[in-house]
Amino acid sequence: MASSLVCSETQIRVSSVLNRDVKQYGKKFMFDCNEETCWNSDQGEYQWVSLEFPQSVKVSELKLQFQGGFSAKTCRLEGCPIDGDFTPISHFYPEDNNSLQSFPIQEAPAVDKVKIMFENSADFFGRIIVYSLDVLGGKAS
């Protein structure tokens with residue numbers, strides 16, 4: 001059974017935060033289980049979220065909840081070992097709505113880091129708003 005790979009030791013980075021206002025729109029709000037808070041990127045193409053795990057993992061599913069009108073239309077999951085370069089694992093195509101969406105990842109390799117690339121946005125200015133993000137899977141053996 002897959003479980004959440006995000007823990008207190010997971011290092012999270014994002015491409016940008018709206019107006020650099022991390023107190024209101026920072027990355028931590030994707031993981032706080034509060035439906036009132038969110039990460040809001042600044043404008044521009046190719047927004048992303050990267051996660052570095054404390055050990056090697058195999059990703060089996062992504063769960064994302066966007067704000068409708070500010071979702072990504074095309075996404076790419078990339079992964080890499082601790083000292084390697086990111087390589088594509090999977091592409092997925094979210095719907096532009098407010099619901100929690102699930103994206104199964106088939107036959108992912110063992111990785112230490114993942115990066116979710118939001119290749120384009122439903123928003124004209126390229127902003128992405130994520131209320132919740134979870135990465136499911138297991139430890140790599």
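**Two pockets in a predicted model**

Student: Which strands each supply at least two residues of the lining of the largest pocket?
Tutor: This is a predicted model. Two strands each supply at least two residues of that lining. They are β4 (47–66) and β9 (129–139).

Student: Which strand gives the largest share of the lining of the largest pocket?
Tutor: The lining has 14 residues, and Met 30, Phe 31, Cys 33, Ser 132 and Leu 133 lie nearest the pocket centre. Ser 132 and Leu 133 fall within the span 129–139. The largest share, four residues, comes from β9.

Student: How many residues in the lining of the largest pocket are nonpolar?
Tutor: The pocket holds about 200 Å³ of space. Its lining includes three polar and four charged residues. The nonpolar residues number seven.

Student: What volume does the second largest pocket have?
Tutor: This pocket is lined by residues that include Gln 11, Arg 13, Phe 86 and Val 114. Its volume is about 170 Å³.

Student: Which strand gives the most to the lining of the second largest pocket?
Tutor: β2 (11–14), β4 and β8 (111–121) each supply at least two residues. Trp 48, Ser 50, Leu 51 and Glu 52 are among the lining residues, and β4 spans 47–66. With four residues, the most comes from β4.

Student: How many charged residues are in the lining of the second largest pocket?
Tutor: The lining residues include Arg 13, Glu 52, Lys 113 and Lys 115. Four others are nonpolar and two are polar. The charged residues number four.

Technical notes:
Residues numbered from 1 in each chain as written. Predicted model: local features only at pLDDT ≥ 70, side-chain atom pairs only at ≥ 80, totals over all residues. Heavy atoms only, no water. 1 Å grid on protein atoms, 1.4 Å probe; cavity = no way out; pocket = protein on both sides within 12 Å on 5 of 7 lines; lining within 4 Å. Points joined across faces, edges and corners; volume = space filled by probe spheres on them. Nonpolar A, V, L, I, M, F, W, Y, C, P; charged D, E, K, R; others polar.
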